[in-house]
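Visitor: I would like to go through this structure piece by piece. Please take the strands, the empty spaces and the charged pairs in turn.

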Amino acid sequence: MNKIYGSAAEALEGVLSDGMLIAAGGFGLCGIPELLLQAIKDNGAKDLTFASNNAGVDDFGIGILLQSRQVKKMISSYVGENAEFMRQYLSGELELEFNPQGTLAERMRAGGSGIPGFYTKTGVGTQIAEGKEVKQFHGEDYILEEGIFADLSIVKAWKADDTGNLVFRKTARNFNPPAAMCGKVCIVEVEEIVPRGSLDPDKIHLPGIYVHRIIQGDHEKRIEKVTTRKREEA
């Protein structure tokens, strides 16, 4: 079965539709599936729900879909770098389900493992726990969180072989593997497609069984915040 497609638009063909729940990888602007996000914008699909740690910035990442009003709900941990995200949420234009980062990652991983729910102490006694089942284990309260079962996963990896075995780089490994796991269909964009058998099996971060479609492309790799220090005087 050929998993390699010529472009992001081709990879989304027959998969993308209005009202979908999409799990998107990335952390800040690191490891985000920027080519697939642009293709989703170009497609015009609307009323989308995104499970993603954050929404990029105003003109990059999921932020471009917020600008085009294609997103109706975010399941996220952090909104601080995206002014449009905050504006839409505070004005009631965008639904937002806040999740602690670890809980969100585990909800994705659980969904990918076929686990419908799990108990965690994170959020006990806070707004996060409102309306959720509370159960005691060893005398302490835990809240029930549900696994995320997405219609589509879009992720960014460093390398892939033609079977979809993936290698991520550094921070890009935070959310991309669990996001890839929890979708009924997973599309990955990569920097490089390498020959089958060339990846060290011990260094594969996600096996190809989770991956359905692959594209290769050039990536902008923006820096979220450029921080420099003054050059020391000679």
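Visitor: Which residue in β10 does Lys-156 stand opposite?
Guide: The model is predicted. Strand β8 covers residues 150-161, and β10 covers residues 183-194. The strands β8 and β10 run parallel and are joined by 10 bridges. Across from Lys-156, in β10, stands Glu-189.

Visitor: What residue in β11 stands opposite Ile-187?
Guide: Strand β10 is also joined to β11, residues 213-216, by 4 bridges. These two strands run parallel. The residue of β11 opposite Ile-187 is Arg-213.

Visitor: Which strand gives the largest share of the lining of the largest pocket?
Guide: The largest pocket has a volume of about 320 Å³. It is lined by 16 residues, and those closest to its centre are Cys-30, Gly-31, Lys-156, Glu-191 and Lys-221. The largest share of this lining, 3 residues, comes from strand β8.

Visitor: How many residues of the lining of the largest pocket are charged?
Guide: Lys-156, Glu-191 and Lys-221 are among the residues closest to the pocket centre. The lining as a whole has 6 nonpolar and 3 polar residues, and its charged residues number 7.

Visitor: How many charged residues are in the lining of the largest cavity?
Guide: The structure holds 1 cavity of 30 Å³ or more, and about 60 Å³ of space lies in the largest cavity. Of its 14 lining residues, the closest to the centre are Gly-25, Ile-32, Ser-52, Asn-54 and Ile-62. The lining divides into 7 nonpolar and 7 polar residues, and the charged ones come to none.

Visitor: What is the order of strands in the open sheet of 3 strands?
Guide: Strands β6 and β7 pair in the antiparallel sense over 4 bridges. Strands β5 and β7 also pair in the antiparallel sense over 4 bridges. The order in this open sheet is therefore β5-β7-β6.

Visitor: Why is one side of β5 and of β6 left without a neighbour in the sheet?
Guide: Strands β5 (117-120) and β6 (134-137) stand at the edges of the sheet. The twist averages 40 degrees from one strand to the next. One side of β5 and one side of β6 lack a neighbour because each has a single partner strand.

Visitor: What angle does the direction of helix α5 make with that of β5?
Guide: Helix α5, residues 101-112, packs on the sheet and touches β5 and β7. In the pairing of those two strands, Thr-120 stands opposite Ile-143, and Gly-117 stands opposite Glu-146. The angle between the directions of α5 and β5 is about 155 degrees.

Visitor: Which residue takes a positive phi in the hairpin of β6 and β7?
Guide: Within this pair of strands, Lys-135 stands opposite Tyr-142 in β7. The hairpin has 2 residues between the strands. The residue with a positive phi, near 55 degrees, is His-138.

Visitor: How many residues apart are Arg-69 and Glu-93?
Guide: The count of salt bridges comes to 13. In one of them the side chains of Arg-69 and Glu-93 meet, at 3.8 Å from N to O, with the cut-off set at within 4 Å. Arg-69 is in the loop between α3 (63-67) and β3 (71-76), while Glu-93 is in the loop between α4 (83-90) and β4 (95-98). The pair links distant parts of the chain, and its separation in residues is 24.

How values were computed:
Residues are numbered from 1 along each chain as its sequence is written. This is a predicted model: local features need pLDDT of at least 70, side-chain atom pairs count only at pLDDT 80 or more; totals for chains, interfaces and linings use all residues. Side-chain values use heavy atoms; hydrogens and water are left out. Two strands pair if DSSP finds at least two bridges between them. Axes are lines fitted to C-alpha atoms, for helices over the stretch in contact, and angles run from 0 to 180 degrees between N-to-C directions. Contact means heavy atoms within 4.5 Å. On a 1 Å grid over the protein atoms alone, a cavity is a set of points where a 1.4 Å probe fits but cannot get out, and a pocket is an open set with protein on both sides within 12 Å along at least five of seven lines; lining residues have an atom within 4 Å of a point. Grid points are joined across faces, edges and corners, and a volume is the space filled by probe spheres set on the points. Ala, Val, Leu, Ile, Met, Phe, Trp, Tyr, Cys and Pro count as nonpolar, Asp, Glu, Lys and Arg as charged, and the others, Gly among them, as polar.
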